[in-house]
Amino acid sequence: MAILVTGGAGFIGCNFVIDWLECIGEPVINLDKLTYAGNLQSLSALNSDNRHLFVNGDIGDSALLKLLLSKYSPRAVINFAAESHVDRSIHAPSEFIQTNVLGTFTLLEAIRGYWSELPEDERRLFRFLHVSTDEVYGSLLPGDPPFTETNAYEPNSPYSASKAASDHLVRAWHHTYGLPVLTTNCSNNYGPYHFPEKLIPLVILNALAGKPLPIYGDGQQVRDWLYVKDHCSAIRRVLEAGALGETYNVGGWNEKTNLEVVHTICAILDELQPRTDGESYAGQITFVQDRPGHDRRYAIDARKLERELGWKPAETFETGIRKTVQWYLDNQGWVHNVSSGNYREWVNQQYGI
Ligand code: NAD
Ligand code: TYD
């Protein structure tokens, strides 16, 4: 038996592959296009592990998908592959439509062909799990209750619109063709191997490099943060016991303003690696121009997943963020390698630094 993971060289995907091999041990075929966000170094601990097979390719490549599915006969496919950065989607939305919408469509069609030909007992057990985001629900006002699975889809950015479209395709492939699908909609993740274009790793690395810590607008936007390993355990649980065709919201009950997050990181760094001048890293906080159409607040109600499948996050924000800051301090080699080439160009274009 094996599973096929797409996008397993990205932030959440690589954590999932590592976690899966530790916890379940079943072989993983890892299909990833290695865009700027894909990084094989994040999987270097698995270099001599023959349970991990990496394939460099695109979820939009129908012939490759057919080949992999027929060759390895996975019992499940977990789809992480996506363009995932809101700011990039504002500058250049085309890749988001290509991978998140058309790529998911191509993947669904290849899987449908494979699944429909499986022997009855394998067809019954097969699962396609689509990893999605809370951003499909749009933005909350301060007093609104957190998003539940029945909230209307109201995506606001090219990224969230492309993910919403992919969720709709997955839903339709279940209702129309009976494909055994599961969808998870998760809040903002943080933790090891997070590419430093996203808020938390960007702030840790800029702080250590003596650079400005850019806060968009007034910094009062709220995100609901989940430690990435908790997301991995939720996906494992949904794959194991989720009801077919259902969606599950995944979140950490950790609503924080961006400014709170940045101050927390600065306080941990002040303790673990104080600045040589004795000042706080918080002195590097710089307010910059807001993101166009910036969603004000996301928050997840994860009670369905707890009630029906017994899942709860293991980390609080306080424990998870401390582990994360420590991980970045301990893994300067990884940081150095991702902080080059394309990434530098992006930072230059976005922030002019
Ligand atoms: P990421 O950008 O770090 O990684 C995406 C990976 O997909 C990269 O390795 C990239 O090379 C690969 N990829 C991109 N296009 C591909 C294609 N056409 N074919 C094959 N591989 C391709 O993203 P992430 O943060 O790890 O997110 C993974 C998934 O989880 C995404 O679907 C995202 O929408 C979802 N999600 C992310 C978060 C978050 O906070 N990061 C929260 C909820 C949901
Ligand atoms: P991000 O990590 O890009 O995730 P998302 O946009 O998917 O929520 O951003 C998290 C929050 O931090 C979001 O409100 C935008 C804000 N932000 C900044 O204030 N400064 C930055 O440099 C970045 C990258 C994000």
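## Strand S1 and its partners

Two strands are said to pair if DSSP finds at least two bridges between them. In this predicted model, strand S1 (residues 3-6) is joined to strand S4 (residues 76-79) by four bridges, and the two run parallel. Within this pairing, Ile3 stands opposite Ala76 in S4. S1 also pairs with S2 in the parallel sense, again over four bridges, and here Ile3 stands opposite Val28 in S2. Between these two strands the chain passes from S1 through H1 to S2, forming a β-α-β crossover that is right-handed.

In a regular strand the side chains alternate between the two faces of the sheet. In S1 both faces are covered, with Ile3 and Val5 buried on one side and Leu4 and Thr6 buried on the other.

## The surroundings of ligand 1

There are 28 residues around ligand 1, and those that come nearest are Ile12, Asp32, Ser84, Tyr159 and Lys163. By residue type, this shell divides into twelve nonpolar, twelve polar and four charged residues. Helix H1 (11-23), strand S5 (127-133) and helix H6 (158-177) each supply at least two residues of the shell, and S5 gives the most, with three residues.

Several atoms of the protein can be placed with respect to oxygen atoms of the ligand. A polar side-chain atom of Ser84 lies 2.7 Å from an oxygen atom of ligand 1, whereas for Phe11 a backbone N or O atom lies 3.0 Å from an oxygen atom of the ligand. A backbone N or O atom of Val131 likewise lies 3.5 Å from an oxygen atom of ligand 1. Taken alone, ligand 1 exposes 840 Å², and the protein buries 97% of that area.

## Two residues with positive phi

Most residues other than glycine have a negative phi. Leu34, in the loop between strand S2 (28-32) and strand S3 (52-56), has instead a positive phi, near 55°. Leu34 counts as partly exposed because its relative accessible area is 27%, which falls between the limits of 20% and 50% that bound this class.

Tyr193, which is not a glycine either, has a positive phi of about 65°, and this residue is found in the loop between strand S7 (189-190) and helix H7 (199-208). Tyr193 counts as buried because its relative accessibility is 19%, and buried means under 20%.

Definitions and conventions:
Residues numbered from 1 in each chain as written. Chains lettered and ligands numbered in written order. Predicted model: local features only at pLDDT ≥ 70, side-chain atom pairs only at ≥ 80, totals over all residues. Heavy atoms only, no water. Near = heavy atom within 4 Å. Polar contact = N/O pair within 3.5 Å; in protein donor to acceptor, adjacent residues only side chain to side chain. Areas by Shrake-Rupley, 256 points an atom, 1.4 Å probe, with all protein chains shown as cover. Nonpolar A, V, L, I, M, F, W, Y, C, P; charged D, E, K, R; others polar. Buried < 20%, exposed > 50% of the residue type's maximum accessible area, 1.4 Å probe, protein only. Right-handed = clockwise from strand over helix to strand, strands pointing away.
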